[in-house]
Amino acid sequence: MRIHRAKTRLLLLTGFILLLTGCSISDWYNGYYVERASIIKEQKKSAAYYDAESPEMKELRKKNDAYCRELASKPENRVARKGYENGVFNSAMYDGCMEKRGTPTFNTYESRQAEKRREERRARGEIVL
């Protein structure tokens, strides 16, 4: 009777240990969950940025997007990359074009805000550079 209980406990303990080592909660949390949560957070910020624009600005953004996308996609403006014989989309040109035409992309806006925060911290003396 005593041996039977020990076998059951040993079997349960072994199964529990295999479960924990095979599927670590920290691997799941630090990998899949955090990455997914970060992507969702950035998508919400981006959507809020674009949704806060006035209807006139949205219409201007559509026009600028069409023009800048066509400009950056031209064969002579493509960026040469290994493995792509025709080059790839020139995203730097696209972002610059959108900003010059008065409708910066969310990534440009976000980087400008981070630059302002760094300048403010430098002015307060928190960053020495």
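**Figure 1. Welcome to the whole protein.** The protein exposes about 10,800 Å², and carbon and sulfur atoms supply 58% of that area. Accessible areas here come from the Shrake-Rupley method with a 1.4 Å probe, and for residues only the protein chains shown count as cover. This is a predicted model, in which local features need pLDDT of at least 70 and side-chain atom pairs count only at pLDDT 80 or more, while totals for chains, interfaces and linings use all residues. Residues are numbered from 1 along each chain as its sequence is written, and side-chain values use heavy atoms, with hydrogens and water left out. Five helices and two strands make up the list of elements, and from the N terminus on they run α-α-α-β-β-α-α. Helices (H or I, at least four residues) and strands (E, at least two) are DSSP runs, numbered from the N terminus. Of the 129 residues, 14% count as buried; buried means under 20% relative accessible area, exposed means over 50%, and partly exposed lies in between (1.4 Å probe, protein chains only). Among contacts between residues at least 6 apart in sequence, 48% join residues at least 24 apart, where contact means heavy atoms within 4.5 Å.

**Figure 2. A look into the largest nonpolar core.** Which five residues form this core? They are Cys68, Ala72, Tyr94, Cys97 and Met98. Helices α3 (55-73) and α4 (91-100) each supply at least two residues of this core, and the largest share, three residues, comes from α4. A nonpolar core is a set of buried Ala, Val, Leu, Ile, Met, Phe, Trp, Tyr and Cys residues joined through side-chain atoms within 4.5 Å. Ala72 is a good residue to start from: leaving aside residues up to four places away in sequence, Ala72 touches Asn77, Phe89, Asn90, Met93 and Tyr94.

**Figure 3. The disulfide between two helices.** A search of the whole structure finds one disulfide, a term for a pair of cysteine sulfur atoms within 2.5 Å. The partners are Cys68 and Cys97, with 2.0 Å from S to S. Their link is left-handed, with -70° about the S-S bond. Cys68 lies in helix α3 and Cys97 in helix α4, so the pair ties together parts that are 29 residues apart in sequence. Are these two cysteines buried or exposed? Cys68 is buried, at 1% relative accessible area, and Cys97 also counts as buried, at 10%.

**Figure 4. A salt bridge along helix α2.** How many salt bridges does a search of the whole structure find? The search finds eight, counting each side-chain nitrogen of Lys or Arg within 4 Å of a carboxyl oxygen of Asp or Glu. In this view, Glu42 pairs with Lys45, and their closest N and O atoms are 3.6 Å apart. Both residues lie in helix α2, three residues apart, which is about one turn of the helix. Glu42 is partly exposed at 31% relative accessibility, and Lys45 is partly exposed at 39%.

**Figure 5. Charged partners in and around helix α5.** Arg122 and Glu119 meet through their side chains in a salt bridge of 2.9 Å, N to O. Both belong to helix α5 (residues 106-124), where they sit three residues apart, about one turn of the helix. Arg122 is partly exposed, with a relative accessible area of 30%, and Glu119 is partly exposed at 45%. Another salt bridge brings together the side chains of Glu126 and Arg121 (3.1 Å, N to O). Glu126 is partly exposed at 47% relative accessible area, as is Arg121 at 37%. Look as well for Glu99, Arg112 and Glu115, which are linked in a network of salt bridges.

**Figure 6. Thr103, a buried loop residue.** Thr103 is found in the loop between α4 and α5. At 0% relative accessibility, Thr103 counts as buried. Which residues does Thr103 touch, not counting residues up to four places away in sequence? They are Met57, Leu60, Arg61, Asn64 and Met98. Met98 also appears in Figure 2, as one of the residues of the largest nonpolar core.

**Figure 7. A nonpolar patch on the surface.** Tyr32, Tyr33 and Val34 make a nonpolar surface patch of about 280 Å². Patches are made of residues with over 30% relative accessible area and no salt bridge; like charges are joined within 9 Å, and nonpolar side chains (Val, Leu, Ile, Met, Phe, Trp, Tyr) within 5 Å. To find the patch, start at Tyr32, which is found in helix α2 (residues 25-51).
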